[in-house]
Amino acid sequence: MERHPGTAPPINDEAQIEEMLIETVLGVGTCEAHHGELLQGMFYNNNGDITRGLVTLPCPIFHTTAKFLPTPQPELHVLPSKIAKRKAARAAELTLEFTQRQGSGGLLFLGNDSPEGWGLGSSTTDVVSTIRAVADAFSISLSSDEVARIAVKAEVASDSIMYADAVLFAQREGYVIESYDRELPPMEIVGFNTDPTFAGIDTLLHPPANYSWDEIEAFRPLRGLLKRGIFDQDPNLIGKVATESARLNQKFLPKPRFADILQLGEEIGAVGVQVAHSGSVVGIIFDPVDNQLTRKMAKAVAALRQLGFPACHRFRVGAI
Amino acid sequence: MVTRVVHNSPIEASLLPTFIRLAKNLVAATFGFMKLIPATFILEQAEKDERLKAGKIIETTSGPFGLALAIVAAQRNYSLTLLCPKGVDPAILEQMANLGAKVEVLLDQQECIDQIQARRSKDRELFWPSQYHNPQNSGSYAGVAEAILEAMGNVDCLIGAVGSGGSLCGTGKYLRLVGQDLRVVAVDAMGSVLFGKSSVPGRLPGMGNGVMPTTLEHRMVDEVHWVTSSEALCAARRLHKFHGMCMGTSSGAAFLASSWWASKNPDKTAVVFFPDHSSRLFTSLFCKETLQAADLWLDELPSEPKEISHPREESNRWSRLEWARRSLNSWELAREASE
């Protein structure tokens, strides 16, 4: 039989067809967006060493969905583009390597339903959905710890969006410093982007915050209150932690009108203010069981417009 | 998930308090030996900054801090010299020596400080922790604030005896990061200079001070109680009688002030520091004859403090002043004294 270059060999075996069908299963992975952090700083790990860590605030109204179609050729094709999604591309390669399929290739599609310019485009969200899609294509189930390790390898520093429970996560080493064994308490958030032109921090170029000894120690009370707040499922305590973390980190990546935003939160009766420590979004946190909730959130939206932040999004975390 | 752990040393095991409820709205933070916290932290920070490369430490002390340094220095093989003013409890001197510290007894606090400065000018590698002036003394209490917040969430009031001010101001500062309204109540010894009274010799060790430490931040303090030695001893016996806890006299004094505060503020939650067990005290809380001979025995405690409106207002019993986060200077003590 004549063979033309570039065409696959003829298939004449049913088992072979079945195998190919399995091999070409489309893997799908999704990951919710996040809205920066509730806490970020330096923390003592179990060995008594000090390490960088954070607690991510998920933003479940938006998602990234990744689809991965394995191909026998070693090339990896990425849509919308490999350059724009280089961390996701790296994550796909690392996942193939992790699952003993180095040298394999495929088509990776990334779709994100968060609106442009809201500062919610997160490289970790792309990376995590990609890892999940690649693993799914081969029907492999990865633990959150494994996803975290691949994510950190792919992008130097990653947030902790891959964990379902609240964790204090070492974003540069990719391990859980402390797990809280339950979700964050229910919280309502009015989020907004302080800088629509913000392109994101390149973790490779941006030097990490250099904290002094007394700044490092100041994260300890915040961690204690966070733990109590998660244990008691009390948004008031989490709000205090978030506000103080934002304040302690303001000098490293300043948010415009920060003092005004803090004052606004206090005046309206929010439980706190959280920021993206390496992004531009800010959230005002409310207690969902507050009987004045709707009125307070409406007031916040109006006051934010006055401050020059016209576009707000509202979301909720935690189960009621 | 948190599991119980085995500690690697008694120092590590002593760095965090145990919380014990004394009343509905009053919780004691009890320590095996609180001074291990600043001693460990100051030495670890010095190691990180390479100020301890020569491994030689000098400090002046009248008791617990020197003893804590001696414990940590012995574990880490540092050479420690402790200059003590006359009058330090001989039992404590013996313990320091047993831990390998070189103990020298000098005339008074001033001579000790002069000596440290003279020796450090000759030997620049000699590390001086300087607990009364080192911000890392109060800075070492972040873990205590963390433990309080983790155990209790909201706290309205922090009450503690003051010597260097490190534990009260340090913990208070860290707690106020997440609660500006926290009330800080200092418990001082009658005859101590910390909150503007004139110095009177013969105070019990462990509380108050004859010199003014810069680690004490007066502007953090809302309320001051002064307690006499005999009241503190009697309160320590009461703590033992009602709660079975055998703590030192500074704990006794703090217990007296905190019990009163908690009963006056039933809707607020208070934490009180019990820094130390009484086991290291040379004179037992319970030696009635010895204490009577020294005029330090009381059978009954007053139920209320005497309210005073100025630090220099005369009082020879448990007294209370609304300090209102003022500086020491704002009380114009020099003018008062000259009038």
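Which residue just after H5(A) takes a positive phi? Keep the question in mind while the tour works through chain A; the model on screen is predicted.

**Chain A as a whole**

Select chain A and show it as a cartoon. Its secondary structure amounts to eight helices and ten strands. Chain A has 320 residues, and 47% of them count as buried. Now consider its contacts between residues at least 6 apart in sequence: 73% of these join residues at least 24 apart.

**Helix H5 of chain A**

Next, select residues 213–231 of chain A, which form helix H5. From first C-alpha to last, the 19 residues of H5(A) reach 28 Å, close to the 27 Å expected at 1.5 Å a residue. Is this helix mostly covered or mostly uncovered? H5(A) is mostly covered, with 14 of its 19 residues buried.

Step past the end of the helix and pick A:Gln233. This is the residue asked about at the start: just after H5(A), A:Gln233 has a positive phi of about 55 degrees.

**Where chain B touches chain A**

Show both chains and colour them separately. The contact involves 15 residues of chain B and 20 residues of chain A. On the chain B side, select helix H7 (142–152) and helix H8 (166–176), the elements that give two or more residues to it. H7(B) supplies the largest share of that side, seven residues. Colour the chain B side by residue type: nine of its residues are nonpolar, four are polar and two are charged.

**From H8 to the sheet of chain B**

Stay on H8(B) and add strand E6 (157–161), strand E7 (183–189) and strand E9 (270–274) of chain B. H8(B) lies across these three strands, and its direction is at about 165 degrees to that of E6(B).

Now display the rest of the sheet. It is an open sheet of eight strands in chain B, with mixed pairing and the order E1-E2-E9-E6-E7-E8-E11-E10. Which strands are at its edges? Select strand E1 (18–23) and strand E10 (306–308) of chain B, each of which pairs on one side only. Looking along the sheet, neighbouring strands are turned against each other by 25 degrees on average, direction ignored.

**The last stop: E10 and E11 of chain B**

Zoom in on E10(B) together with strand E11 (residues 319–322) of chain B. The two pair in the parallel sense over three bridges. To find one residue pair here, select B:Glu307 and B:Arg320: B:Arg320, in E11(B), is the bridge partner of B:Glu307.

Key
Residues numbered from 1 in each chain as written. Chains lettered and ligands numbered in written order. Predicted model: local features only at pLDDT ≥ 70, side-chain atom pairs only at ≥ 80, totals over all residues. Helix = DSSP H or I, 4+ residues; strand = E, 2+ residues; numbered from the N terminus. Buried ≥ 20, exposed ≤ 12 C-beta atoms within 10 Å, placed from the backbone. Contact = placed C-beta atoms within 7 Å. Nonpolar A, V, L, I, M, F, W, Y, C, P; charged D, E, K, R; others polar. Expected span 1.5 Å × (residues − 1). Pairing = 2+ DSSP bridges. Axes fitted to C-alpha atoms, helices over the stretch in contact; angles between N-to-C directions.
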